[in-house]
Amino acid sequence: MPASREVVAECRSALDGLAIPDPWDVVALVEWLGQRRGRPIILIPWPTAGGVTGCWVAAAHQDYIVYERTATPLHRSVIVCHEIAHIWLGHRGHPTTALADQPVLPHGYSHDEELRAETLAELILERAALPTPQVPDDVLRVMKTLDQGVTVDSLADQRGVSARRRRRWLGPRA
C-alpha cells in the first residue's frame, strides 16, 4: 500500500532536518546521525536469513545497524537508510539480545512505522541521487533581467525585433 499524502508530507518534513551528504556516502550519513544524537552508530555486515535484510539494535551507549553482508553498495544504502529512518523518526530500536536469541534478524515494527521508515528512506535516496542544481550563466542573466522589471515582450532578439512581432511570423495564434 503506497504512503498517504500525510505520511509523505511528514517524511518530507523529517527529511529537511537530515544532512544528506553530497556526494552521497551512506557511511558519512551514519556518522553524522551518530554525532547528532550523541550515540555512535556502528555498521555491522551480517549473514541474514528469513527475508529481513537489516535491523537497528539499540545498546546502552551506542547503536548498531546490521545489514546483509552480501548486499551490493546500492542495496546496502537502501537497507541502512531504512534503519536510519527508524532512528530519525523516533521508533524504538531492537534490544541487543535480538541478535543472540534468534537465527533471523528481528522485525518488530508496526505497519505504520514500517511505512514511514520506507517512505523516508526512499526520500533520502531520492535526494542523494539528485545532483546539486547548477543554474547556467545565461539563465542567471535572464533571471536577473526579469528581476529588474523587464518583460519578455520588451526584449529584442539579435535583429532588434520584439517578441510580440516575432510571434506574428510564426502564424496566427491558436
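In this predicted model, helix H1 spans residues 5–15, and its buried residues are Val7, Cys11, Ala14 and Leu15. Around the helix axis these residues cover an arc of only 100 degrees, so they lie on the same side of H1. Buried here means a relative accessible area under 20%, while exposed means over 50%. By that criterion, the face of H1 turned away from its buried side carries the exposed residues Arg5, Glu6 and Ser13. The packing partners of the buried residues of H1 are two helices, H3 (73–88) and H5 (111–129).

The strands come next. Strand S3 covers residues 63–68, and 5 of its 6 residues are buried, so S3 is largely enclosed by the rest of the structure. Two strands are paired with S3, and they can be taken in turn.

Strand S1, residues 41–46, is joined to S3 by 6 bridges, and the two run parallel. Within the paired strands, Ile44 is placed opposite Val66 of S3.

Strand S2, residues 54–58, is joined to S3 by 5 bridges, and here the direction is antiparallel. How many residues lie between S2 and S3 in the hairpin that they form? There are 4 residues between the two strands. Ala58 has Asp63 in S3 as its bridge partner. S3 thus has a parallel pairing with S1 and an antiparallel pairing with S2, and 5 of the 6 residues of S3 are buried.

How values were computed:
Residues are numbered from 1 along each chain as its sequence is written. This is a predicted model: local features need pLDDT of at least 70, side-chain atom pairs count only at pLDDT 80 or more; totals for chains, interfaces and linings use all residues. Side-chain values use heavy atoms; hydrogens and water are left out. Buried means under 20% relative accessible area, exposed over 50%, partly exposed in between (1.4 Å probe, protein chains only). Two strands pair if DSSP finds at least two bridges between them. The arc is that of the directions from the helix axis to the C-beta atoms. Contact means heavy atoms within 4.5 Å.
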